[in-house]
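Q: I'd like to learn how to read a structure like this one. Can we walk through it together?

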Amino acid sequence: DLFSKLLTTSKSDPIKAEVYIAYGRFLTASDPKAARAMYSKVREIQPKNARVLRGYSNFVASQAMQAANKGDSEAAKALWDESVNLLREVVANDAEVNDSRVLYRRMIDAGQFNDARSGYRDLLNTNPKDLDAMLGLGQVFLRSGEMDNALKQFAAVIKSNPAYPMAYLFRSEVYRGQGDMEKAAEDIAKAVGIQPQNLGYRLDLAHLYYLMGKNSKALEELVMARQQNPSVERVYDQLLNVHMALKEYRRVESVAAAAIKQFPNSPKYPLAMVQLCQIEGNPAKALTYLREALRDSPDNVSILRRYLKALIDSKDFASFKAQAKAYFDRRVDVPGIKALAALAMAKQGNKEAARPRFIEVLGEVAGTDDVFAVFAWMQMAFGKEYLLQKAPELIAAVDTWRMHLLLGDLLSSSKDFIKAEASYRKALSRSKAAPERLQVRLRLSMVLESQRKYTDLEKLYLTILQQ
């Protein structure tokens, strides 16, 4: 209402443009589609306004990052290209000094490496000691896979300014890409030494130590990180991982309990206690923590499914029936509850009645990732061999890439690589989005390697790299 009133009372185009920009920013998080409409309107009013173009470009870049985080590389690439094109318009007109630098960074994200390379070299021709441009050129080399050039470039930045932490962090990425984890850790440690107050650097170092199996060193960094800031969830997440890896279960319990107090509305810390209880063989206590997690997040489907599954595992079918009915009546995760009810039926010995119910649910969730969960519960109910025997019936109910992928996994685990390959290829022919195709191709690569089909495998890897 406020923005509508402002638009009604605004008389001049510059003021209307400011209102549209403000409205677009306001809507970005809650309604990206409406936010884009606001930026489009302001472009109609002032198509050459640099501030408008910058704002629009930044909005599109934020959408590109979201798409990338979701694994939708095709959508992300299109959005990065759009963001770059908007900034090109800014730079072509009355650009500020920083606009070109932002443009070149966006070009890297868009995969426009040659243009970014030329841009940074133009900056370095003007000022050979421009650290930002030197670092940017190194990023171009890194992202385009020119690892030797990237190493030389980051080394040049460090030689010019040994106290520049970002150069060490990027060089660490190069070392990780080359498999030299020791040097990668050394460089992040140098960045931490330069800026010990930077919590992100310290957590990155702890995570790398954890990946290297150096859990004691990871723990040292995490203890310091917790002392620096005890209210950051990532600190507790990493502490739990390290203590779990070290099998320090009482410390897991202590950290999870502290995290529950610090973040009472987060379900993941009661779930960490659930995992601990399962490791220690205490299903009754695990159920208690699942109830707590469900209490904190009553509509969280993942927790609900774990809770109901735990009731089935504990053979408390009366409680399962009551809880399932309560959530079913609220229409929370209806397909999941129906599938779990079929699992409960099978666990009580009524497999013949359970089978058509599972098939019915598979048809309902055919176009979603819930197929994976339902299929897993079917395997718990009937076993792998039974599902392979019923493959034609399953395909008739759900002829999608997901179902062919799941059947391919079963066949692969049974060492029937020829049929697994055929199933994966059917999955590939039915998959459309880039993340789906990548998932299928990675599975297909394993069965091709198992069959020693190296020519086909090489072609597949080239396709994956091109994607």
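**Reading a helix and its surroundings**

A: Let's start with one helix: in α14, the residues Val235, Tyr236, Gln238, Leu239, Leu240, Val242, His243 and Met244 are buried. Buried means under 20% relative accessible area, exposed means over 50%, and partly exposed is in between (1.4 Å probe, protein chains only). Helices (H or I, at least four residues) and strands (E, at least two) are DSSP runs, numbered from the N terminus. Before we go on, this is a predicted model, where local features need pLDDT of at least 70, side-chain atom pairs count only at pLDDT 80 or more, and totals for chains, interfaces and linings use all residues. Residues are numbered from 1 along each chain as its sequence is written, and side-chain values use heavy atoms, with hydrogens and water left out.

Q: What do the buried residues of α14 pack against?

A: Contact means heavy atoms within 4.5 Å. Here, the buried residues of α14 pack against α12 (199-211), α13 (215-228), α15 (249-262) and α16 (268-279).

Q: How many Å should helix α14 span?

A: The expected span is 1.5 Å times one less than the number of residues. Helix α14 (residues 233-245) has 13 residues, so the span should be 18 Å; the end C-alpha atoms are 19 Å apart, which agrees. Just after α14, Lys247 takes a positive phi of about 60°.

Q: Where else should I look for a positive phi?

A: Try the loop between α19 (317-329) and α20 (334-347), where Arg331 is found. Phi of Arg331 is near 65°, a positive value in a residue other than glycine. Asp333 lies in the loop between α19 and α20 too, and has a phi near 55°.

Q: Is Arg331 buried or exposed? And is Asp333 buried or exposed?

A: Arg331 counts as exposed because its relative accessibility is 55%. Asp333 has a relative accessible area of 11%, so Asp333 is buried.

Q: How many helices and strands does the protein chain have?

A: The protein chain has 28 helices and zero strands. Of its 467 residues, 44% count as buried. Its C-alpha atoms fill a box of roughly 80 × 60 × 55 Å, taken along the principal axes.

Q: Which residues touch the most other members of the largest nonpolar core?

A: A nonpolar core is a set of buried Ala, Val, Leu, Ile, Met, Phe, Trp, Tyr and Cys residues joined through side-chain atoms within 4.5 Å. The largest one has 136 residues, and Phe358, Leu362, Met378, Leu394 and Met403 touch the most other members. Helix α4 (residues 50-69) gives the most to this core, with nine residues. Apart from this core lies another, of 14 residues, including Trp401, Phe417, Ala427 and Leu448.

Q: Which residues is Ala427 in contact with, leaving aside neighbours within four places in sequence?

A: Ala427 is in contact with Trp401, His404, Leu405 and Val440, once those neighbours are left aside. Ala427 lies in helix α26 (residues 417-430), and is buried, with a relative accessible area of 0%.

Q: What about Glu421, which also lies in helix α26: buried or exposed?

A: Glu421 has a relative accessible area of 9%, so this residue is buried. Not counting residues up to four places away in sequence, Glu421 touches Leu444, Val447, Leu448, Gln451 and Lys453. For a distance to check yourself, Glu421 and Leu405 are 16 residues apart in sequence and 9.8 Å apart in space, C-alpha to C-alpha.
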